[in-house]
Every structure is written in C-alpha cells, then in structure tokens.
Amino acid sequence: MSSLAEEVVDAINEISGVHPGHRAAHAKGTLMTGTFTGAGTDLTTAPHLQGEPVRVTVRFSNGGGDPGIPDYAREGRGMAVKFYAPDGAKTDIVALTLPCFFVRTPEDFLEFTRARKDPERLMPDWLGAHPEALTAIQAALGADPPASYATCAYNSIHSYRWIDAEGGSRFVRYRWEPEAGEQTLSPEDAKARGRDYLQQDLLPRGESAFRLKAIIATEEDAVDDPTVAWPKEREQVEVGRLVVEGPELERERDGDILVFDPTRVIDGIELSDDAILRFRGPAYSVSVERRT
C-alpha cells in the first residue's frame, strides 16, 4: 500500500479529525437511487451510454472530512455516480462543483493539505509557489451555498479517453447539469435553514434530474492537468439523462462498503495520465481500510 497515500489520509485526518466509519474526505453524504439512460452516442462503445436504461447509485456530499460539518459551510460539493451496466460491469463518475482541482500531483496535494493546518502562516508561502491552486480555492470559498444538491452543476475535473467502434479516440471531461437549473442561497438564508438543510431537502424531494454532458478536448487542452479548467466554448455533447428517484436504503448498512472510484472505467473508456486521477485509487484504499 502506498506510503504517500497513507500520509495524505493522515494529513486530511489532522485537519478534519478521525471519524470512524466515515470517508476521509466527503465524509458527510447522502445515498440515493436512480436510473440513467444514455443518449446512444457513437463517440464511445461504453455500454452504459448506448441507450438502455441502467440502474445507478448516487452519493451527494460535502467536501470536508468532518461528517458533522454544517451544510452552509463554504466548500465544494460532490456528486458520485455508480453505473450498473447491462453486461454486469460497473463504472463510476466522481464530480465536484469546482471548475478544476487544487493541485497537479499527489505530492503537491500532501503539501497543500499540510499547509491548510496553519493557513495564516503556511498558506501564503505555499500559494506563492503554486498559483495554479487559486482558481479552485476561490471557487470553493467564494461561491454562495447551494439551494439544493439537485440545483448544482458538477464537473468531473479529470479527463478520460473515449474509444469509438472504429478505434478512434478523443479526450473528454464530464459535466452534470441540473434540469432544475443552478440555484444558490445567501449565506444568511442557508444558515437559517439549518445544519443539515441539503439532506433534508433531498430526501423528500422526489425525482430530480441531471443531463450528462461530455466536453470534447481540442489539441490545445491540458488533458493531464486537473488544475486547468477548459474554455467554455469547447464542444459539449449531451450523452445521457440521470433521474434521481429516492433514498438508497440497501447500501452502506451492516458493514457494506461502497466506493466511488473515478479510476473504475469500462470498455470504451480509458484513463488519462493525470497523476491525481491515478493516485485516487490508492488513497481510497487507505480510507476504506480505515473505515472498515
């Protein structure tokens, strides 16, 4: 097991505390069930995108490692989706409300996390050496709280190579767009709704829906650098629709461990060489071992 992965999880725990049974990051979350129907794209042979409805498990979450953090806290939110393909295979998309990530390498992520322990003393020097982190930090700290998990747009951050039936390929990033539109609250209104208002809104909400967009890279785009947000004018193709139907009552009970891993890909999809993406599997393994 990677010692670097253990150091990263330790560093997260030092900021957020150790919370047995919970994930090291995105500790506060809500599991939902749903159905995804692909649009039948010819850009990839991935089976879950070809038009047959498939079952999904969805987890909405807050970014921090403390499961007691209030929902009105200023931070990124997450949406993780596990697809159960017709042939029995599984694949995951893990997405954030941020436009990009903080760092390019696992080593930088460890330094960044350690600097967060003493932000007034350490963070200015670290940011001076890593200006690429500013976009994600400003997005996390500057955005108003969401009105609902169902009214956030979520970005995959990482890039993936899609392979089509003729062997052609292109790199894409994913984006979930809420059919209800993006909606936020003032910090005062969010706080007035209570510490758990996002979960309290989501569980009785009934159906909510998202459109999955594939953003197509050009030769100019940094497909291996998660700190770079691609230009908004990039081609976007709608490749499916997700309907969130209600609470998931079967998973993560009686010792069940559910992992949403962005490196779990399927035929027709390959990983980019993004170092952060490829590090997430080992880091999740450390977190899983500790929460079991």
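This is a tour of salt bridges, aromatic rings and empty space in one structure, a predicted model.

**Stop 1: the two ends of the chain**

Select Arg290 and Asp10. They form a salt bridge, with 2.7 Å between the closest N and O atoms. Arg290 belongs to helix H7 (residues 275-291) and Asp10 to helix H1 (residues 3-16), so the bridge ties together parts that are 280 residues apart in sequence. Arg290 is partly exposed, at a relative accessible area of 41%. Asp10 is also partly exposed, at 33%.

Next, go to Thr292, in the segment after H7. Thr292 counts as exposed, with 63% relative accessibility. Add Pro20 to the selection: the C-alpha atoms of Thr292 and Pro20 are separated by 8.2 Å, although their positions lie 272 residues apart along the chain.

**Stop 2: from H1 to the loop after H2**

Stay on H1 and select Glu14 together with Lys117. Their side chains meet in a salt bridge, 2.8 Å from N to O. Glu14 is in helix H1 and Lys117 in the loop between H2 and helix H3 (119-129), so this pair ties together parts 103 residues apart in sequence. Lys117 is partly exposed, with a relative accessible area of 49%.

**Stop 3: a salt-bridge network**

Select Arg175 and Glu182. The closest N and O atoms of this salt bridge are 3.4 Å apart. Is each partner buried or exposed? Glu182 is exposed, with a relative accessible area of 57%, whereas Arg175 is buried, at 18%. Now add Glu177 and Lys213: salt bridges that share partners join Arg175, Glu177, Glu182 and Lys213 into one network. Over the whole structure, the search finds 23 salt bridges.

**Stop 4: aromatic rings**

Show the side chains of Phe, Tyr and Trp. The count comes to 14 aromatic pairs. For one of them, select Phe102 and Phe112: the ring centres are 5.0 Å apart and the planes stand at 20°, so the pair is stacked, the cut-off being under 30 degrees. Phe102 sits in the loop between strand E4 (90-96) and helix H2 (106-115), while Phe112 is in helix H2, 10 residues apart. Both Phe102 and Phe112 are buried.

Widen the selection to Phe101, Phe109 and Trp126. Ring pairs link these residues with Phe102 and Phe112 into a cluster.

Two charged side chains also lie over ring faces. Select Arg55 and Tyr84: Arg55 lies over the face of Tyr84, 3.9 Å from the ring centre. Then select Lys82 and Phe260, where Lys82 lies over the ring face at 5.4 Å from the centre.

**Stop 5: the largest pocket**

Centre the view on Ala25, His26, Gly63, Gly64 and Phe109. Of the 46 residues that line the largest pocket, these lie nearest its centre. Phe109 also belongs to the ring cluster of the previous stop. The space in this pocket is about 1,200 Å³. Colour by element to see the contributors: H1, strand E2 (54-62), strand E3 (77-84), E4, H2, helix H4 (134-142) and H7 each give two or more residues to the lining. Which element gives the largest share? H7 does, with 8 residues. By class, the lining has 29 nonpolar, 10 polar and 7 charged residues.

**Stop 6: the second largest pocket**

Move to Thr97, Leu98, Pro99, Asn155 and Arg175, which lie nearest the centre of the second largest pocket among its 34 lining residues. Arg175 is the buried partner from the salt bridge with Glu182. The volume here is about 640 Å³. H4 and strand E7 (169-178) each supply at least two lining residues, and the largest share, 3 residues, comes from E7. The lining divides into 17 nonpolar, 8 polar and 9 charged residues.

**Stop 7: the cavity**

The last stop is enclosed space. The search finds 1 cavity of 30 Å³ or more, and the largest cavity has a volume of about 70 Å³. To see its walls, select His48, Leu49, Thr91, Asp92, Ile93, Tyr160, Tyr174, Leu212, Val265 and Ile269. E4 provides the largest share of this lining, with 3 residues. By class, the cavity lining has 7 nonpolar, 2 polar and 1 charged residues.

Notes
Residues numbered from 1 in each chain as written. Predicted model: local features only at pLDDT ≥ 70, side-chain atom pairs only at ≥ 80, totals over all residues. Heavy atoms only, no water. Phe/Tyr/Trp six-rings, centres within 6.5 Å; stacked < 30°, edge-to-face > 60°. Helix = DSSP H or I, 4+ residues; strand = E, 2+ residues; numbered from the N terminus. Buried < 20%, exposed > 50% of the residue type's maximum accessible area, 1.4 Å probe, protein only. Lys NZ or Arg CZ within 6 Å of the ring centre and 35° of its normal. Salt bridge = Lys/Arg side-chain N within 4 Å of Asp/Glu carboxyl O. 1 Å grid on protein atoms, 1.4 Å probe; cavity = no way out; pocket = protein on both sides within 12 Å on 5 of 7 lines; lining within 4 Å. Points joined across faces, edges and corners; volume = space filled by probe spheres on them. Nonpolar A, V, L, I, M, F, W, Y, C, P; charged D, E, K, R; others polar.
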